[in-house]
Amino acid sequence: MTLAEFNSQIWPLLRQLNDNMNALIRPVCEQRGLTHAQVRALLAVCQSPCTVGELGRFMGTADANISSMCKRLERLGYLRRVRSDRDERVVYLQLTAAGTRLAQQLEQDISRRLQPVWDAQPQKFPDILQDISYLSAQLHQATLLANGSPSPQEKEQNL
């Protein structure tokens, strides 16, 4: 495979993967009256309480957008924003009891929708995730290089 072939094939595949995941999750979101981003945020905070900034980085969204989404989830009674005792600029996110119940229901609903895919060949999915993770890391490295950051090899040589 050439770089040109890779480039022409990766874009549609990534778009299709994103579209298919969104289509799979959309009914779960609509049933609960939530956006895809709100569902992702609730599930992320359920797995690991974090700060607003950490959630923004995880979701690839600007802090201002994450903050307003969190305010809405707070008004809905699913999320609490708690200021740090040490540094009041830092805001931690925690699910309320209702938020925890909802996140668990969302996880079950999404798992139910993914189950047929998983059942087909569960042994393939660890490799698929590893390959996607590798691709993501390589694309991140390409971004750093394109923006003028030194490669890991160049960093090592400068030490």
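How many helices and strands are there in the protein chain? Here are some notes for you, with the reminder that this is a predicted model.

1. **Fold elements.** The protein chain holds seven helices and three strands. Going along the sequence, you will meet them in the pattern α-α-β-α-α-β-β-α-α-α. The radius of gyration is 19 Å, well over the 15 Å that the globule rule gives for 159 residues, so the chain is more spread out than a compact globule.

2. **Overall dimensions and burial.** Along the principal axes, the C-alpha atoms of the protein chain fill a box of roughly 50 × 45 × 25 Å. Of the 159 residues, 24% are buried. Looking at contacts with a separation of 6 or more, 47% come from residues 24 or more positions apart.

3. **Surface and charge.** About 11,500 Å² of the protein chain is exposed, and carbon and sulfur atoms supply 53% of that area. On the charged side, you can find 18 positive and 16 negative side chains, with the centres of the two sets 10 Å apart.

4. **The largest nonpolar core.** In soluble globular proteins, nonpolar side chains tend to be buried together. In this model, the largest nonpolar core has 26 residues, and Leu-55 and Leu-106 are those with the most contacts inside it. Two or more residues each come from helix H1 (3-32), helix H2 (36-47), helix H3 (52-59), helix H4 (63-75), strand S3 (91-95) and helix H5 (97-120). H2 gives the most to this core, with six residues.

5. **Leu-55 as a place to start.** If you want to look at the core from one residue, try Leu-55, one of the two with the most contacts inside it. Leaving aside neighbours within four places in sequence, Leu-55 is in contact with Ala-41, Ala-44, Val-45, Cys-50, Ile-66, Cys-70 and Leu-93.

6. **Gln-38, a buried polar residue.** Gln-38 has its place in helix H2. Is this residue buried or exposed? Gln-38 is buried, because its relative accessible area is 4%, while the cut-off for burial is under 20%. Beyond its neighbours within four places in sequence, Gln-38 is in contact with Gly-33, Met-69, Arg-72 and Leu-73.

7. **A long-range pairing at Leu-24.** Leu-24 sits in helix H1. Leu-24 and Leu-114 are 90 residues apart in sequence, yet their C-alpha atoms are 8.0 Å apart in space. Not counting residues up to four places away in sequence, Leu-24 touches Arg-113 and Leu-114.

Methods. Residues numbered from 1 in each chain as written. Predicted model: local features only at pLDDT ≥ 70, side-chain atom pairs only at ≥ 80, totals over all residues. Heavy atoms only, no water. Helix = DSSP H or I, 4+ residues; strand = E, 2+ residues; numbered from the N terminus. Rg over C-alpha atoms; globule rule 2.2 N^0.38 Å. Buried < 20%, exposed > 50% of the residue type's maximum accessible area, 1.4 Å probe, protein only. Contact = heavy atoms within 4.5 Å. Areas by Shrake-Rupley, 256 points an atom, 1.4 Å probe, with all protein chains shown as cover. Lys, Arg positive; Asp, Glu negative; His and termini not counted. Charge placed at Lys NZ, Arg CZ, Asp CG, Glu CD. Core = buried A, V, L, I, M, F, W, Y, C linked by side-chain atoms within 4.5 Å.
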